[in-house]
Amino acid sequence: MAINNKLLTLTDELMLGKGNHKEVFAHPTDKKLCVKILYSTPDTDFDREMKYRQALGAKAEKMTLLTKYFGEIETNRGKGYLFERVIDFDENDSKTLLEHIQNPKSIEDLTDLLLNFKKVFINEKFVAAGMDPDNFLVQRISPNERRVRIIDNIGTSAKIPILYYSDFLMAKRARKYWRRFIKEIQIEYSQVITKNIAEILLND
């Protein structure tokens, strides 16, 4: 994707959200991009994610959970970082997984969504720093197809991330974090994620 290197103007109207470490803006001319502005640098969370992406190398392009990163750009608000913006096929904003859990279309639909998420999460051996459903977006890529994308809490805080270079260790960690995730949402959203549903989601 070609990126214009001219100074990018980000207005308040373009803001998509604020976090503890950054602000996120819609790109003013490209709906498929967003711009992240860090409050300060270095930023531990951002550096952790960049190290993970660097270690993945070409693998990152094949991972469906991981959004694409396109590099740095100068903006009127300082240095920005260009990322793929997760939107649905109809150009509406994708909803978070948390929204799907809190207001499911049906229990069967939610279970199917989570089972598909599990399959990809385990197969891609994704390394997440945390499993907050508010950091996962459910992207509708067609009227009948959807996929989960992860937009925050990416990578490990280990100073020497040996696991990045071991498929076995990454797979082991992915299963560990998946189990932790299901147990946590089962406790918090027990009316939706019943014990029986949790067992299905935890079954290897």
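**View 1. Helix H4 and what comes after it.** Right after helix H4 comes Lys-125, with a positive phi near 55°. This is a predicted model, where local features need pLDDT of at least 70, side-chain atom pairs count only at pLDDT 80 or more, and totals for chains, interfaces and linings use all residues. Residues are numbered from 1 along each chain as its sequence is written, and side-chain values use heavy atoms, with hydrogens and water left out. Helices (H or I, at least four residues) and strands (E, at least two) are DSSP runs, numbered from the N terminus. H4 itself takes in residues 107-123, and its 17 residues reach 24 Å from first C-alpha to last, close to the 24 Å expected at 1.5 Å a residue (that is, 1.5 Å times one less than the number of residues).

**View 2. The buried residues of H4.** Among the buried residues here are Leu-110, Leu-113, Leu-114, Phe-117 and Phe-121, along with Asp-109 and Lys-118. Buried means under 20% relative accessible area, exposed over 50%, and partly exposed in between (1.4 Å probe, protein chains only). They pack against helices H3 (97-102), H5 (167-188) and H6 (195-202), plus strands E7 (136-142) and E8 (145-150).

**View 3. Zooming in on Phe-121.** What does Phe-121 touch, leaving aside residues up to four places away in sequence? The list is Leu-65, Phe-126, Ala-128, Met-131, Ile-150, Ala-174 and Trp-178, with contact meaning heavy atoms within 4.5 Å.

**View 4. Helix H6, two sides.** Ile-197, Ala-198, Leu-201 and Leu-202 are the buried residues of H6. They sit on the same side of H6 because they cover an arc of only 135° around the axis, counted from the directions from the axis to the C-beta atoms. Over on the other side, Asn-196 and Glu-199 are exposed. H4 and H5 are included in what covers the buried residues.

**View 5. Ser-142 in strand E7.** Is Ser-142, a residue of E7, buried or exposed? Ser-142 counts as buried because its relative accessibility is 14%. Its side chain also makes a polar contact with the side chain of Glu-145, at 3.0 Å. Such a contact is a pair of N or O atoms within 3.5 Å; within protein, one must be able to donate a hydrogen and the other to accept it, and residues adjacent in sequence count only if both atoms are side-chain atoms.

**View 6. The E4–E5 hairpin.** Strands E4 (residues 69-75) and E5 (residues 78-84) pair in the antiparallel sense over six bridges; pairing takes at least two bridges found by DSSP. Two residues lie between them in this hairpin, and Ile-73 stands opposite Gly-80 in E5.
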